[in-house]
Amino acid sequence: MINLLDPVKKRWGEPNGYREILTIAIPLIISTGSWSLQTFIDRMFLSWYSTEAIAAAMPAGMLSFTLLSFFLGTAGYVSTFVAQYKGAGYPQKIGPSLWQGIYLAMFGGVVIFLLIPIAPFLFKLANHDPEVQTLEVTYFTILCYGAFPAILANALAGFYSGLGKTWPIMWVNLAATLFNIVFTYPLVFGKFGFPELGIAGAAITTTLTPVVSVTIYIFLIFNKKNNDKYNVISGRRFDKKLFSRLLRFGMPSGTQFFLDVSAFTLFSLFLGSLGKEVLAASNISFSINSITFMPMIGLGIAISILVGQNQGRETPSASIRCVWSGFHLSFSYMSIIAVLFFVIPDLFIAPFMVSVDPSSGETIRTLCRVLLRFVAIYTLFDSFNLLFASALKGAGDTKYVMISNLVLSFLVFVLPSYLAIFYFHKGIYAAWAVATTYISLLGLNFLFRFLSGKWKTMRVIEEHCIEESPDNK
């Protein structure tokens, strides 16, 4: 008699199986979970503070993150260079790759800072309530000051993630999260001797949190031991050719990230025109989705790392196995979450409703229950999106990922949702149906691209590093 658990047990212990993936992924899952926990707690405190504060935090935060996302995605692609150089047996190229990401972070921080003066104009375009607009500008402006440390922290994390050493990333992010949690509440509500700053208090702690991460990373990475092996200090020279390669492969990854976040930012701004209750309900639903989905981004990063290392070793067959192992894990988790959203949505909604105005509370709660059903449906397809897009980027197929996001985000998401809200006046549920369709098609698109196998011959590092790799001699 065949034991149905035998295939699971076999894949658990094999190379690129469940155990190997989870060994790398668990610290990253905890790390990304800590990011979403920060956002969740910030939004929860702001929902307790006022309906206007929670209504303003989502669009302003998403706009800030949208502008930041291009540089985060590009600088974070350092991890793929580190992974492929490690796989090819060229550790001395890792430090110089890291430094190119640091230089990019400097440039990105300056660019974001220069966007502060246009904040009032940007939020005026959204046509939200005047009080909400004022809070949006405040929140966005403060977040812009933290652009450089945020991008830099992402680049520095790429050093450890590319090496497959993910536990330091976890501890750094947990320390930063603890800082955020400890100081957000008193700065929002004016407790323990701190001034009551409301939404500005949440923005200040969000801005300072990556500073904590960067400080710890500096002490962990830049030492003699790492310099001897990876040239993390002696490799600080600006390398035009290496920087160009980072831009060549990293910019499409950053652009894809930017397009994806941009689409949802515009979607949030469109929803704001339907009223504060609709915007608040959508923000709460997105926040719930974030805290349940963000840990899986850690799994996606792990898959990208393993694919990068396998590509550096010239073993695409190993990449295929690790991607399907990761998909099994991700889809199983997402299926459980989808069922919970359908069966017990109030369990997730309740923390946001503690101090909501009773006159609008029941309306927001009712909307959230329905919206979480949309989330339950598209979250299954998001596992396709997450795993297969991560695999493609780990191999270097970033241009295709970028073009797919560009086409589908505009034609299937932004334009149809705009028409549904402003032209056909179909309201919130039609808009969310559009969002669900977009995520589903995007995930299926990346699945088919992965199955095509075109990524198997792609690399981001120099050809001679592959040819001269010790594993290929």
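Helix axes are lines fitted to C-alpha atoms over the stretch in contact, and their angles run from 0 to 180 degrees between N-to-C directions. The model used in these exercises is predicted.

**Exercise 1.** Describe how helices α2 and α3 pack against each other.

Solution.
- Step 1: Locate the helices. Helix α2 covers residues 18-49 and helix α3 covers residues 51-76.
- Step 2: Compare the axes. They come within 7 Å and cross at roughly 145°.
- Step 3: List the residues that meet. From α2 these are R43, L46, S47 and Y49; from α3 they are A53, I54, A57, M58 and G61.
- Step 4: Sort them by class. The contact of α2 with α3 has 6 nonpolar, 2 polar and 1 charged residues.

**Exercise 2.** Find which residues touch the most other members of the largest nonpolar core, and which helix gives the most to this core.

Solution.
- Step 1: The core has 141 residues, and F159 and W432 touch the most other members.
- Step 2: Helix α16, residues 358-395, gives the most, with 17 residues.
- Step 3: Take W432 and leave out residues up to four places away in sequence. W432 then touches F267, L271, S282, S285, F286, L371, F374, V375 and Y378.

**Exercise 3.** Decide how the protein chain compares in compactness with a globular protein of its length.

Solution.
- Step 1: Count the elements. The protein chain has 19 helices and 0 strands.
- Step 2: Compare the radii. The radius of gyration is 22 Å, close to the 23 Å from the globule rule for 473 residues, so the chain is as compact as a globular protein of that length.
- Step 3: Add the burial. Of the 473 residues, 59% count as buried, where buried means under 20% relative accessible area.

Technical notes:
Residues are numbered from 1 along each chain as its sequence is written. This is a predicted model: local features need pLDDT of at least 70, side-chain atom pairs count only at pLDDT 80 or more; totals for chains, interfaces and linings use all residues. Side-chain values use heavy atoms; hydrogens and water are left out. A nonpolar core is a set of buried Ala, Val, Leu, Ile, Met, Phe, Trp, Tyr and Cys residues joined through side-chain atoms within 4.5 Å. Buried means under 20% relative accessible area, exposed over 50%, partly exposed in between (1.4 Å probe, protein chains only). Helices (H or I, at least four residues) and strands (E, at least two) are DSSP runs, numbered from the N terminus. Contact means heavy atoms within 4.5 Å. Ala, Val, Leu, Ile, Met, Phe, Trp, Tyr, Cys and Pro count as nonpolar, Asp, Glu, Lys and Arg as charged, and the others, Gly among them, as polar. The radius of gyration is taken over C-alpha atoms; the globule rule is 2.2 Å times the number of residues to the power 0.38.
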